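Colleague: I would like to learn how to read a model feature by feature. Could you take me through this one?

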Amino acid sequence: QFSIAVHIMAGLAYGCDQDVTSSHLASSVNTSPSFVRRVLAKLSKAGLVETATGKAGACWLAKDAEKISLLDIYKAVDAPEAIAIHSYKEQKGCPVSCQIKTALEHALGKTQKAMETSLREISLAEIVSEVRKA
């Protein structure tokens, strides 16, 4: 959902002249309005968007795109960690099987932290700027 949430947020930040609805966003993302509304609910709960309900309902950014980082969006949609450790049962007779998850947790934790640091440094405004260049 992370990339879809960024797509939705970029759509809101892009500055279309019309009120942006879940149907408009769904058309851009190529998904259903109900799915977009579920993502919008998460973004709203995180304070990133505001919505107006009803037949003419619309949504908009709750704050300036410069003040919204990709990490804000990542956390809002409860995105999974970048690299997951498998959930297979360990094989008691194999030392690798018994210790691999512990060994990987440290390395992958560092990787996750580095990715989150990078996402924190990229604003939604930067993404919209890249979209406008194309």
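Colleague: How much surface does the protein expose, and what share do carbon and sulfur atoms supply?

Modeller: Accessible area here comes from the Shrake-Rupley method with a 1.4 Å probe, and for residues only the protein chains shown count as cover. The protein exposes about 8,700 Å², of which carbon and sulfur atoms supply 53%. Keep in mind that this is a predicted model, where local features need pLDDT of at least 70 and side-chain atom pairs count only at pLDDT 80 or more, while totals for chains, interfaces and linings use all residues. Residues are numbered from 1 along each chain as its sequence is written, and side-chain values use heavy atoms, with hydrogens and water left out.

Colleague: What percentage of the residues is buried?

Modeller: A residue is buried under 20% relative accessible area, exposed over 50% and partly exposed in between, with a 1.4 Å probe and protein chains only. Buried residues are 31% of the 134 in the protein.

Colleague: Which radius of gyration does the protein have, and what would a compact globule have?

Modeller: The radius is taken over C-alpha atoms, and the globule rule is 2.2 Å times the number of residues to the power 0.38. For a compact globule of 134 residues that gives a value near 14 Å, but the protein has 19 Å. Its C-alpha trace spans about 65 × 30 × 25 Å along the principal axes.

Colleague: How many helices and strands are there?

Modeller: Both are DSSP runs numbered from the N terminus: helices are H or I with at least four residues, strands are E with at least two. The protein has six helices and two strands, in the sequence pattern α-α-α-β-β-α-α-α. As for contacts, meaning heavy atoms within 4.5 Å, residues 24 or more positions apart account for 62% of those with a separation of 6 or more.

Colleague: Which residues of α2 are buried?

Modeller: In α2 (22–29), the buried residues are S22, L25, A26 and V29. They lie on the same side of α2, because they cover an arc of only 100° around the axis; the arc is that of the directions from the helix axis to the C-beta atoms. Their cover includes α1, α3 and β2.

Colleague: And which residues are buried in α6?

Modeller: Helix α6 spans residues 124–133, and L124, A125 and V128 are buried there. Their arc around the axis is only 95°, so they too sit on the same side of α6. What covers them includes α1 (2–13), β2 (58–61) and α4 (70–76).

Colleague: How should I read the sign of phi?

Modeller: Most residues other than glycine have a negative phi. Here N30, which follows α2, has a positive phi near 70°. N30 lies in the loop between α2 and α3 (33–45) and is exposed, with a relative accessible area of 71%. Another positive value belongs to D78, with phi near 50°. D78 is in the loop between α4 and α5, and is exposed at 61% relative accessible area.

Colleague: Is Q112 buried or exposed?

Modeller: Q112, in helix α5 (residues 95–120), is buried, with a relative accessible area of 8%. Leaving out residues up to four places away in sequence, Q112 touches Y74, E81 and A82. A polar contact is a pair of N or O atoms within 3.5 Å; within protein, one must be able to donate a hydrogen and the other to accept it, and residues adjacent in sequence count only if both atoms are side-chain atoms. The side chain of Q112 reaches the backbone nitrogen of A82 at 2.7 Å.

Colleague: What does T51 contact beyond its neighbours within four places in sequence?

Modeller: T51 is in contact with A58, C59 and W60. This residue of strand β1 (residues 49–52) is partly exposed, with a relative accessible area of 40%.

Colleague: How many disulfides does a search of the whole structure find?

Modeller: A disulfide is a covalent bond between the sulfur atoms of two cysteines, and the criterion is a pair of cysteine sulfur atoms within 2.5 Å. The search finds zero. For C94, the nearest cysteine sulfur is that of C98, 6.8 Å away. C94 is partly exposed at 31% relative accessibility, and C98 is partly exposed at 22%.
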